[in-house]
Amino acid sequence: MMDEERSNEKCESVTLSLMSEAVSAPTECEKRVCVFGTGDMGRSLGLRLLQAGYSVMFGSRRPQSCNFLPNGAQVLSHAEAAQAAHLIFIAVQREHYDFLVPLAYHLKGKVLVDLSNNLKKNQYPEANAEYLQSLVPEAEVVKGFNTLSAWALQNGPSDANRQVYICGDRAEAKQVVLAVATKLGFSALDRGSLSASRELEDFPLQLFPLWRLPMRIAVGLTAFFFFYLLIREILYAYITQGKDISFRIMVSLANRVCPIVSLIMLALCYLPGVLASFLQLYRGTKYRRFPDWLDRWMLCRKQLGLLALGFACLHVLYTLIIPIRYYVRFWATERTVTQIRQNGTNEFITSRAWHSDSYLSFGILGFGLYVLLGITSLPSVSNALSWREFSFVQLIDKVEFSVWVREISST
Ligand code: NAP
């Protein structure tokens with residue numbers, strides 16, 4: 001017990017010097033990390049810290065009755081755990097932060113990592129991390145790790161989930177957290193001072209912000225071409241010839257709309273890059289900001305491209321089901337029966353067979369390249385490509401675009 005206390009005192013006294021040497025080899029004291037809260041997030045973080053070689057102490061309200069904690073972790077009361085480590089992760093909901101006020105003395109000079117998120121944006125007047133700092137002003141609060149889920153922490157960093165954002169007012173404290181994140185296998189990105197914490201807290205609440213504009217464009221284009229073709233092909237036939245071919249709405253019409261929208265979306269994916277290049281040439285420099293509208297457009301190019309691929313996939317599916325449609329089977333049978341009745345034969349036209357096979361083959365080729373482009377836009381794949389490899393795929397995609405345009409224009 002005496003040894004433990006001595007070691008704790010030593011740990012507190014070296015806290016500040018540790019912060020300045022955070023990136024060097026971890027000492028015994030640096031290896032000791034405390035996690036307040038034994039819930040999902042606390043347990044997952046504790047497990048990863050243990051796996052990375054840290055000695056983990058949990059601070060809990062009920063140290064005697066905590067279950068399912070990772071093997072090798074100690075469980076102490078909040079006050080004991082706070083004294084034992086210089087780095088403390090707060091894996092407790094913001095609503096319960098009051099319990100930290102009586103611990104202020106033990107938290108003096110310590111680095112507190114605020115992991116908390118909220119249920120909705122602007123739930124509180126100030127960010128959780130700023131609130132925590134106001135409760136324990138003599139501690140060094142750093143916001144971080146809140147954009148990871150407990151599940152992602154348990155599974156370890158994957159290509160799609162490697163990024164950890166941190167922010168805080170003291171550079172040394174941020175260095176401590178950055179070193180831990182790096183040791184856990186994450187790449188940490190410094191987002192500046194603690195005032196950026198609200199932005200980090202809003203990250204998990206974002207609902208496809210970059211998808212909104214592309215989705216609106218896709219819905220608008222689909223609606224426009226659907227109604228245009230509905231009037232031109234279905235209503236016009238009904239009004240002028242009294243023919244009811246409304247059943248075509250479900251497959252034929254949809255199959256006309258999908259490739260048109262797909263190609264327009266693909267063009268919209270590449271157009272802003274071309275406009276940006278012209279703008280840079282016109283201005284004679286690349287060191288000036290693009291106008292806001294172009295900036296926004298450039299940022300959602302990937303989403304435009306993926307939606308274009310989605311419409312192309314729908315076109316492929318609609319095309320594949322053509323032979324099993326009632327309408328097609330009916331007319332095929334009718335034609336065969338008529339031929340038998342008339343005892344007639346049709347001549348095989350080789351040029352038409354060539355035309356049809358080439359048309360289908362180019363379609364398959366174009367779609368294959370389209371899928372290739374979609375795959376290379378995935379972060380895990382694009383990260384593995386060099387700039388030259390990426391440019392090569394982009395070049396192939398331009399060829400594919402012209403193949404598809406030819407195909408659509410020949411339908
Ligand atoms: P949780 O499973 O409900 O655990 C919260 C823990 O806080 C409890 O196990 C409890 O630990 C402690 N606690 C509860 N009431 C308390 C009180 N009045 N005073 C002191 N401690 C109290 O929640 P969680 O999912 O682990 O989330 C914890 C924090 O991490 C939250 O702020 C959340 O926003 C954030 N976060 C969670 C995730 C996630 O995937 N779960 C992801 C990102 C961020 P003891 O019983 O041991 O005291």
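**Reading a ligand site and a membrane annotation**

Tutor: In this predicted model, the chain over residues 359–378 is 90% helix and 0% strand, with end C-alpha atoms that lie 30 Å apart.

Student: Where does UniProt place the feature "transmembrane region"?

Tutor: The unreviewed UniProt entry places that feature at residues 217–239, 259–282, 303–328 and 359–378. Another of these spans, residues 259–282, is 100% helix and 0% strand, and its end C-alpha atoms are 34 Å apart.

Student: Which residues make the nonpolar surface patch, and which helix gives the largest share of it?

Tutor: The patch, of about 620 Å², is made by Leu271, Val274, Leu275, Phe278, Leu281 and Trp293. Helix α11, which runs over residues 252–283, contributes the largest share, five residues, and leucine 271 is found in that helix.

Student: Turning to the ligand, how many residues surround it, and which are the closest?

Tutor: The ligand is surrounded by 20 residues, of which Thr38, Met41, Ser60, Arg62 and Ala150 are the closest. Sorted by class, this shell holds seven nonpolar, ten polar and three charged residues.

Student: Which atoms of glutamine 93 and histidine 96 should I look at beside the ligand?

Tutor: Look for an N or O atom in the side chain of glutamine 93, which is 3.1 Å from an oxygen atom of the ligand, and for a polar side-chain atom of histidine 96, which lies 3.3 Å from a ligand nitrogen atom. Glycine 39 takes part through its backbone, where an N or O atom lies 3.0 Å from an oxygen atom of the ligand. Of the 880 Å² of accessible area that the ligand has on its own, the protein covers 78%.

How values were computed:
Residues are numbered from 1 along each chain as its sequence is written. This is a predicted model: local features need pLDDT of at least 70, side-chain atom pairs count only at pLDDT 80 or more; totals for chains, interfaces and linings use all residues. Side-chain values use heavy atoms; hydrogens and water are left out. A residue is near a molecule or strand if one of its heavy atoms lies within 4 Å of it. A polar contact is a pair of N or O atoms within 3.5 Å; within protein, one must be able to donate a hydrogen and the other to accept it, and residues adjacent in sequence count only if both atoms are side-chain atoms. Accessible areas come from the Shrake-Rupley method with a 1.4 Å probe; for residues, only the protein chains shown count as cover. Ala, Val, Leu, Ile, Met, Phe, Trp, Tyr, Cys and Pro count as nonpolar, Asp, Glu, Lys and Arg as charged, and the others, Gly among them, as polar. UniProt positions are given in the numbering used here, feature names are shortened, and annotations may be inferred rather than shown by experiment. Helices (H or I, at least four residues) and strands (E, at least two) are DSSP runs, numbered from the N terminus. Patches are made of residues with over 30% relative accessible area and no salt bridge: like charges are joined within 9 Å, nonpolar side chains (Val, Leu, Ile, Met, Phe, Trp, Tyr) within 5 Å. A salt bridge is a side-chain nitrogen of Lys or Arg within 4 Å of a carboxyl oxygen of Asp or Glu.
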